[in-house]
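Here is a short report on how some helices pack and how two chains meet. Look over the sequence and the model first.

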Amino acid sequence: MGFLDKITGVSWGVHPHDDHKRPAADVPLRVMPIPATLCVPLLQHVGAPAKPVVAVGDKVLRGQLLASAQGNVSAPVHAPTSGVVTAIGPVIAPHPSGLPFDAITIACDGEDQALPASEMPDPLSLAPDEVTRQIAAAGIVGLGGATFPSAPKAQLGRKHAVETLIINGGECEPYLSSDDCVMRARAVEVVDGIRILMHATGAASALVGIEDNKPEAIAAMRAAAKSFDAIRICPVPARYPMGSDRQLVEVLTGKQVPAGARTATVGVLVNNVSTCAAIHRALRHGESLYRRIVTVNGGAVMDPGNVLAPIGVMVEDLLAFVGLKETPARLVMGGPMMGAALPHALVPTVKGCGGILALSAAEIAKPEPSPCIRCGSCVSACPMGLLPLEIAARVKAGDYDGADAQKLDDCLACGCCAYVCPSHLPLVHAFYHAKGELWKRAQQKKRNEFTKGLAQARTARLEREARERAEAAARRKAERAAQQAAQAAAAAE
Amino acid sequence: MIGILSLSFLGLFLGLLLGYAAKVFAVEADSVAVELAEMMPGTNCGQCGLAGCTAAAEALVRGEAPATVCPGGGVALAQAIAAKLGIALSLDGLEDPGPQVATVAEEICIGCGKCLKGCATDAIVGAAKQIHGVLDEACTGCGGCMDLCPTGAIVLRPLPQQLKDWNWAKPAFA
């Protein structure tokens with residue numbers, strides 16, 4: 001952050017004039033009743049999908065392990081309520097493609113029986129490794145949307161000896177207020193979760209960055225953190241994408257995270273406020289991550305607000321709970337800037353889902369794109385200091401390597417460039433497409449190398465087999481010759 | 001005795017001469033061709049109609065083959081070759097159906113094992129009189145097994161679309 005920025009405030013990003021967060025943010029938290037069925041996906045995190053440990057027909061209880069983690073970067077999933085497993089297999093994913101992914105379907109019995117509670121020792125008196133193990137066992141992943149498993153992240157922090165935890169209460173996406181709701185209603189839990197995480201990572205202090213458009217959350221968090229000097233509540237300017245880890249780290253610490261590196265390399269670790277609350281619930285109450293607060297908002301929603309919903313609830317059931325005024329023109333999981341458009345409402349929610357938007361036709365009206373006038377608005381808006389217009393020109397020409405050379409890889413896909421573009425160019429869409437093409441190419445290259453290795457191994461094997469056959473034949477011939485010689489010698493005697 | 005000696009001497013002399021000639025007149029492989037061959041799938045499947053990947057790379061260097069010579073490599077390889085050789089690329093002739101893999105129609109497979117032996121990447125598994133299967137990740141879609149199969153049980157199909165491979169279509173710019 002430069003000197004000028006210190007005086008004038010941050011220069012990057014955008015500030016939507018109406019963030020649509022209220023009135024939904026001010027409505028008290030509602031608890032959704034258990035629906036008839038739940039679909040708990042196996043891949044709700046970055047890394048390898050969880051492996052089912054239950055079978056179709058099994059009776060499960062709330063909090064019971066459904067699928068265990070596979071590999072280092074993975075997370076288990078747990079049953080959000082009691083019921084019977086009716087299917088383990090593909091359901092449509094909450095993804096614009098409408099393609100399926102694997103999930104465990106539970107027919108809920110409505111009794112919501114929990115596993116017998118066990119005595120929880122004070123996590124602050126446990127060894128950090130044991131705390132990390134418990135975080136992993138509870139299936140906790142980053143709830144800000146990136147869904148990186150929290151336990152390996154804490155281990156990474158320990159390995160890099162991070163000094164400061166950055167707690168992300170930015171929630172810069174318009175419409176969303178689930179983190180705001182967590183901080184207002186559960187500030188004590190969030191602060192306790194921060195203390196547990198500080199213990200697990202060995203960090204000495206924590207900075208909680210909260211955008212200044214959430215005064216109630218700032219007040220609640222200040223009150224909760226009053227007696228802990230190591231935890232500081234830092235209001236930050238409301239500027240999208242303040243909730244992006246790199247931007248928040250730079251604003252709070254002045255340190256810039258190098259391209260392609262993790263924040264741990266500059267001595268900080270970023271965790272979301274909802275993740276901290278989930279850590280508190282897991283380590284103090286033994287509650288695995290099977291429910292979360294979801295903002296249901298948008299012009300088509302009758303009673304927008306925050307809902308404590310089981311993870312894996314069908315979007316359709318969630319929308320039925322809050323009611324719809326009209327048929328939504330578009331459904332989005334996440335915020336309007338970076339969220340994923342849903343193919344339909346028959347998809348389950350996941351751990352990383354902080355919001356479901358049912359938008360009306362007026363909210364998604366989109367003007368036709370016109371040619372780029374090279375005004376440079378996108379350049380000023382880009383929080384990563386990229387040149388979106390230059391990257392887009394290359395993508396348009398099909399020059400993906402050129403786009404890559406313009407550091408497409410550093411693009412956060414935050415959407416600031418497309419938001420400010422006076423020509424309404426589909427910039428983020430183009431960048432997503434180009435990233436996908438480059439990824440496909442890299443995959444194809446890996447595949448080629450793998451098959452080339454197989455072909456070489458086969459050639460080597462065929463040569464070896466031919467040689468061995470020839471050697472065996474020569475040996476047999478020699479043996480026969482020796483035998484004949486011996487017979488001849490015997491005959492001569 | 002003289003015969004043996006003279007023949008041995010002749011043999012030795014000619015051998016040395018040949019060895020010397022091989023050193024002095026050694027033909028260095030074209031470094032560009034070597035690099036191109038590295039980029040190729042390397043399975044010598046023969047779909048290009050040339051004698052393997054090295055031959056195709058040499059033909060490319062001599063300008064006798066278009067950048068789109070390798071059907072297995074698809075558009076991505078064609079673009080990489082064109083960039084390497086600095087030639088204009090016309091993708092008209094190349095229809096890229098995307099990655100393809102072979103599949104065995106189990107109801108027609110007689111378990112003869114011919115495809116198994118012919119596969120350049122050992123992508124087909126099975127045994128005599130058993131139905132065979134194809135390992136998707138090892139199959140290059142070269143189609144060599146299709147010609148070997150006596151019952152026509154092997155067909156190519158596009159690699160099944162998975163969530164992680166899905167990509168946005170290129171948007172329409174103004």
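## Helix packing and a chain contact

Start with helix H6 of chain A, residues 215–224, in this predicted model. Its buried residues are Ala217(A), Ile218(A), Ala220(A), Met221(A) and Ala224(A). Viewed down the axis of H6(A), these buried residues fall within an arc of 165°, so they line one face of the helix. An α-helix has 3.6 residues a turn, so residues three or four places apart point the same way.

What do the buried residues of H6(A) pack against? The table lists these elements of chain A.

| Element of chain A | Residues |
|---|---|
| Strand S9 | 164–169 |
| Helix H4 | 178–185 |
| Helix H5 | 187–201 |
| Strand S10 | 205–211 |
| Strand S11 | 231–236 |

H5(A) also packs with helix H3 of chain A, residues 150–159. The angle is about 55°, and the axes are 8 Å apart. Angles from 65 to 115 degrees count as roughly perpendicular and those under 35 as roughly parallel, so H3(A) is oblique to H5(A). On the H3(A) side, the contact uses Ala154(A), Gly157(A) and Arg158(A). On the H5(A) side, Leu197(A), Ala200(A) and Thr201(A) take part. The contact residues divide into three nonpolar, two polar and one charged.

Now turn to the two chains. In chain A, 27 residues are in contact with 21 residues of chain B. Helix H14 of chain A, residues 427–492, gives the largest share of the chain A side, 15 residues. That side of chain A divides into 11 nonpolar, 10 polar and six charged residues.

Notes: Residues are numbered from 1 along each chain as its sequence is written. Chains are lettered from A and ligands numbered from 1 in the order in which they are written. This is a predicted model: local features need pLDDT of at least 70, side-chain atom pairs count only at pLDDT 80 or more; totals for chains, interfaces and linings use all residues. A residue is buried if 20 or more other C-beta atoms lie within 10 Å of its own, exposed if 12 or fewer, and partly exposed in between; C-beta atoms are placed from the backbone. Helices (H or I, at least four residues) and strands (E, at least two) are DSSP runs, numbered from the N terminus. The arc is that of the directions from the helix axis to the C-beta atoms. Two residues are in contact if their C-beta atoms, placed from the backbone, lie within 7 Å. Axes are lines fitted to C-alpha atoms, for helices over the stretch in contact, and angles run from 0 to 180 degrees between N-to-C directions. Angles under 35 degrees count as roughly parallel, over 145 as roughly antiparallel, 65 to 115 as roughly perpendicular and the rest as oblique. Ala, Val, Leu, Ile, Met, Phe, Trp, Tyr, Cys and Pro count as nonpolar, Asp, Glu, Lys and Arg as charged, and the others, Gly among them, as polar.
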